Amino acid sequence: MSSKKNVLSTPVTRRSVLKATAATATVAAAPMIIPSTAYGYANEPKGSSVTLGFNVPQSGAYADEGADELRAYELAVEHLNGGGDGGMMGTFSSKALKGNGILGRKVEYVTGDTQTKPDAARASARSMIEKDGAIMITGGSSSGVAVAVQGLCQEAGVIFMAGLTHSNDTTGKDKKANGFRHFFNSYMSGAALAPILGDNYGKDRKAYHLTADYNWGYTTEEAVRTSTEAMGWETVAAVKTPLSQTDFSSYVAPVQASGADILVLNHYGANMVNSLTSAVQFGLRGAQVNGKSLEIVVPLYSRLMAKGAGENVKGIFGSTNWHWSLTDDASKAFVKSFGEKYGFPPSQAAHTCYVQTLLYADACERAGSHDPCAVAEALEGFEFDGLGNGPTLYRAEDHQCFKDVLVVKGKENPTSEFDLLEIVEVTPASQVTYDASIFGGDLGSCNAG
Amino acid sequence: MELSAILLQVLNGLDKGSAYALIALGLTLIFGTLGVVNFAHGALFMIGAFCAVTVQRLLSLSTITIDESKTDFLGKPLQIKTPYVESWFGESVGNALIDWSVPLAIFLTIPVMLIIGFVMERGLIKHFYKRPHSDQILVTFGLAIVLQEIIKAYFGANQIPAPAPSAFIGSFDFGSVIGMGPGKLLYPYWRIVYFCFAMLIIALVFAFLQFTTFGMVVRAGMADRETVGLLGINIDKRFTIMFGIAAAVAGLAGVMYTPINSPSYTSGMDFLVISFVVVVVGGMGSLGGAVLAGFVLGILESFASMREVIEFIPGINQVVIYLAAIVILLARPRGLLGRKGVMES
Amino acid sequence: MLGLSRNDFLMLLFVLFLVAAAPILLNPFPEGSSLAQFNAGYPDLMQRFLIFGIFAIGFNILFGLTGYLSFGHAAFLGAGSYAGVWMLKLLTINVIPAIIVSTLVAGLFSLAIGYISLRRSGIYFSILTLAFAQMSFALASSVLQPITGGETGLQTNLNDPRILDGANTTGNIPAPSLFGWEMRESMQVPVGDWLWTFNVGYYVCAFILLIAFYISIRIFRSPFGMMLKAIKSNNERLSYTGISPRPYTLAAFVISGMYAGLAGGLMVSMDPLAGSERMQWTASGEVVLMTILGGVGTVLGPVIGAGIIKYFENIFSKINDNLLHGWFSFMPDGLEDFMVAVIHPFVGKGWHLSLGLMFMLAIIFLPGGFVGSLHNVFSRIFRKRAQ
C-alpha cells in the first residue's frame, strides 16, 4: 500500500460535507479542511490508483469457488495493469483498454469474505467502501448475497458487478440501477434446456422436482417447469428441500413410486452433490418407469462442485454459463492465460468474474470517468464480443447480459480430472431472450453517492 | 399412500437414525458421562471421514508418465498417472485396493482417532474437567474451528467423492424378499451396510462397558467419580481411554458415511447441533437413551420429509427434529432415559 | 452518582470515553501506512462493535447472572431485525419506531419462548432454546418467506408505503435516518496523516449502548440482580426459602431478549437488511462465545468479547497475500516469501483459524475470559497489599 489512498470514504453526502466543513472550523486540532468540491461522487479516485473490491466467499461451502473467483480477479488486475499476456483483452471487441490501468490509474484491489451470508457480505462490502475507498464491488457465489450486496451498492453509490448469481431476481424483481450481471439466469437455463431434453428424452415425460427451499431454487424450478410443460411434459410433484439438508435419502426414495420418469434437481453446490449422489445410490438413474428409463436433470452445473459427485454426473444434462473446453479464440486465450498462471483451467465463476472486471474497466474508459452514473450509462445497451460467450448485449432495461447459453452433459469418459462436462449444444441468445418486464421490479435511478 | 412408501421411509429413518445414534453415542460418552461439553465432536466425525479420503489418496499415489500422443487443456503433452499399487500388485489387485479404500480406511481410522482422542484428553480436556462448562465450550469450539481449518487448508472446501466399493453399488430388493413383488422396495446396499456397521459398533461399546472390568469401573466412575477414586482406582487413566474410544466411534461413524455423502470440511459442523439434540433428548448420562433418541428422531425426520406430509403441514420437514425435541423434553423432564442430576444446573 | 457506586460510575465514564473517542482510538495508524489495514475506525465496524456489544450485554444479564445458558438468543435478534425492517418499510424511515418496535417484538417473542423453556434447567433448557431458535430460523428461511424475505433477506424498497413519510417512488431508496440525519452520514476529519470518521449512526448506537450499559449495571447491583445471582449459586436453597425462582429468571430472560431485539433493531437501522441466517445457531453461538471470551458475569466483559470477535471477522479476513507482500517488501526476496508463507494460513481465507486459536489460547491462559482474569489479577494484587 505505497500510494496514499483517497481520503474520502463513502456514504458521504454533499450535505454532510457542509456539516463537516462547518464542524471542522470548530475543531481547532484539525489542520486540514476537506474542500467541498472534492465530492463529485462516492470514492472518487484522487491519486494515481483506483481501488476495486473483490467480495468472494472464502469460508463455508463455496470457499473453493470463491478462491477461483479471486484468482480470476487477480489475473484481470494483472492484465488491466499491463502485465501477463493480456488474456481476453486481446480478443475483446472494444479496444478502449490500453493495459495502463483504468483511465491511466493503476488498479489496486481489496478482498473480503462474504461467508455466503447476506449479513457478512454486506459488512465486508461496506468496509471496502468505507475503509478502503473501493469504487466498484464485485464477486459472490450465491444469489442471496448478490441481491443483498447489490442493494448496498445502490445505497452507497458505487457500481456492483455481480459474480456468480443465477436467480432471476438479481436482474428481475430485485434489480438495481447500480448493479450489473454478466452471468445467465434460471429463465435462460430453462429455455435452453427444454428443447435438448425434448430431443433426448421425448415430449411425453413426467417430471419430479426437488427444489432447494430458497430464492434461487424457486426461480429455477419455475423456469424449468414452465419451459418443459410448454413442450408437453407433465410435472408430477415438486418438493422443497431444506437448504441445510445433507442426506437426501427420504426425498429421493419416493420418486420412483410416484410414476415420474424424470427427476429434476434444482440444487446447487453441496445440495446438488448430495442429492445427486443419493439419487444415484437409490438406483433412480436408468430405472424403468412407464416403460422409459428414468433420467436426472441438473439445471445449473458447477464443474468445481460436480467433482464432489464423482462418477454420478456422467450423462446428466444441465446448463452452464461458460466452459473451458470452448474453442473460440477468447476462451482459448483466457484458458491459456489462467492455466499457465495457476496450473488448472478456470471455472465458470472465474470466467464471469474476469469478464465483469474487464467490462467495468472498459466502461470507465469509454465513459472517460469512474462516475458510477457515467459507467452505468456506458454499460447499458453495450454490445460486445470476444469475451468467450460470442456476441453479447448488456440490456439497458434490466442490466442483464444476453448471450448464448451452453447445454452440457456429464462426460462419460473424462480424460482428466477437469474434463467432467461436454458441451452438447450452444443455444443462441435469441432463444433465451425474454421481455424485461416479466419479473417485475424497478431499476430506480443511478446513485452516485 | 402405499405400504411400500411407508416401509421405505422406515428404512430411511433407521439409516439416518443409525448415523445419529452412532455420533450421539460417542458424544454422550464424553458429554453425558465425563461431563465435558465437547463442541469438537463434530470435528472428530469429520476427521474420520477424511481418513477415508487420505487412504484413497495414498492408494492412488501415482507415477507420472508422459503420453505425447494426447494433450491436456493447455495443449501440452498429457500426463498419465499410474498408481503405485497397480504397478506393484498388478492392475487388478491394485484397482481392487483403490476400489475398497473406504472399508480399508477403517484400519487407519481406529488408531488415528484413538491417538487424537488420547492427545486431546491428556493435552487439553484434562485441564478443563473442573472448569466451568462455559470455558469447555469455548476451548472445544476453538479446537473444532482449528481442526476444520487445517482440513480445509489441505483438502480444500469442496466435497471430495469417496465412493463405496463397486460391489456395493446398487440396491437390495426387499420387495421380492417380503413378497411385495420385485422392484417395489429397493434399498441401496451401502446404506444397509452402514446400518449394520452402526449396530455392530453400538453393540461392541455396550458390551465393552457392560461385560468388562474396565467398563464396570468406568460406569462406576461416571456415577460417582470421587468414591471410585478413594478406592484407589486410577479413574483418570480410564477416562482417557474412554475419550479415545469416543473419538474412535465418532471417526468410524465418519469414515463409513463418506460414500453416502461426499465429505467436506463442514460435514462435522452439520452434525454437531443435531448430535447435541439427540444426546439431550435421549437423556443425559444414558447411552441407551442416545441410541434410542437417534433412531426416534431419524425416523421422524424421514416421515416428515414425505411429500404427502409436507403438503399437509408446510415446512414440517424443516423443523420436525426440533419440534420433537421440545415435545419430548416438556413431557419428560430428563429426556427419554436421562439420569437425575446430570448437567441440570 | 446516577444511583451508581463510585467504582461503577467511573466505569461508566470510562466506557463513555471509550465509545466517544473510538473513531480516534480505533484508527491508530496513519492512512496509507502499511499498518492501516489494522485500523478499525470505519463506521460499519464501529457500529457492529456497539451493536454486538449491546447484544452481549443483554445475553450476560441472563447467562452471567442466572447461569441459564440460552443457545437461542439469535432468534430474538432476528425477530427484532424483521420487526425493525417492517417498521422502516411500512411506517417511516425514521429509526425511532423501528428501534422501539423491534425491542418490544423481541420482548414478546422471548416471553413466549422463555415461559416454555424455563420449565427446564441446565442443558435441557439450553437445548429447548436451541430448538426454538432453529425452528424460527428454518421457518423464516422457508415457509415464512413472504414476511422474512427468506434466505435473501428483507430489504427496504423504493415503493414501500412508508405511511408517515408519504411514499415517493422516484429517485433513490431513502436511507434510515433520525429526523433527517441519515445514519450513514459521516464527517471526516483528516489530521495530519490520520483520518477520523465521525458517523451519525455510530453515535446513535453509542448513545443507546451507554443507556443499555447503565441499565445493565443497575440490574447487576440491584436486589433483583442479587436474586438472580442467588439462583445461579444456590437454586435449591432458594427454593427452600419459599421463593420461586421462575418469575425472576423469566424476567431476566425477557430483558435479555429485549436487548437482543434492540440490537437487531439498531442493526437494521444502520443497514436496512434482515437475513434469516441471523437466527441460525451459529449466530446464537457467537454471542455465547463473545460473552465467555470477554468474561461471563462481568459487566464490561461481553462488550470486549464482542469487539474482539468482530475485529477478527472484519479485519483479519481482509488481509490478502498482496498486502502481506507489501508489508514484508523491505525484506530480501527469499525471506519475504517465507514470511508471507508463514502468515498466509492465518489471514484472509484462513481468518477462522486465527479465531479458533485465539479462543483456545485465551481460555487456556485466561480462565474466566479477558475481563474475568483481569479481575483476578487485580484482586490478587490488592490482597497482597492488604497483607
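How many residues does the contact take from chain C and from chain B? The answer is 34 residues from chain C and 32 residues from chain B, where two residues are in contact if their C-beta atoms, placed from the backbone, lie within 7 Å. Before going on, bear in mind that this is a predicted model, in which local features need pLDDT of at least 70, side-chain atom pairs count only at pLDDT 80 or more, and totals for chains, interfaces and linings use all residues. Residues are numbered from 1 along each chain as its sequence is written, while chains are lettered from A and ligands numbered from 1 in the order in which they are written.

Stay with chain C where it touches chain B. Two or more residues each come from α5 (122–141), α11 (281–294) and α15 (351–365) of chain C; helices (H or I, at least four residues) and strands (E, at least two) are DSSP runs, numbered from the N terminus. It's α5(C) that gives the most to this side, with ten residues. By class, you'll find 24 nonpolar, eight polar and two charged residues here, with Ala, Val, Leu, Ile, Met, Phe, Trp, Tyr, Cys and Pro counted as nonpolar, Asp, Glu, Lys and Arg as charged, and the others, Gly among them, as polar.

Now swing round to chain A. This contact takes 49 residues from chain C and 53 residues from chain A. On the chain C side, the elements giving two or more residues are α2 (43–66), α5, β4 (186–191), β5 (194–199), α13 (321–327) and α15. Strand β4(C) has the largest share, six residues. The class split for this side of chain C is 16 nonpolar, 21 polar and twelve charged.

Inside chain A, an automatic or database domain assignment sets the bounds: domain 1 is 49–184 + 324–403 and domain 2 is 187–320. Their C-alpha centres lie 30 Å apart, and each domain puts 14 residues into the contact between them. On the domain 1 side, α2 (63–80) and α4 of chain A give two or more residues, and the largest share, three residues, is from α2(A). That side has three nonpolar, seven polar and four charged residues.

Helix α4(A), residues 143–156, also packs with α3(A), residues 118–130, at an angle of about 35 degrees, with the axes 9 Å apart. Among the residues that meet are A121(A) and I129(A) of α3(A), and V145(A) and L152(A) of α4(A). This helix contact divides into nine nonpolar, one polar and two charged residues. Axes here are lines fitted to C-alpha atoms, for helices over the stretch in contact, and angles run from 0 to 180 degrees between N-to-C directions.
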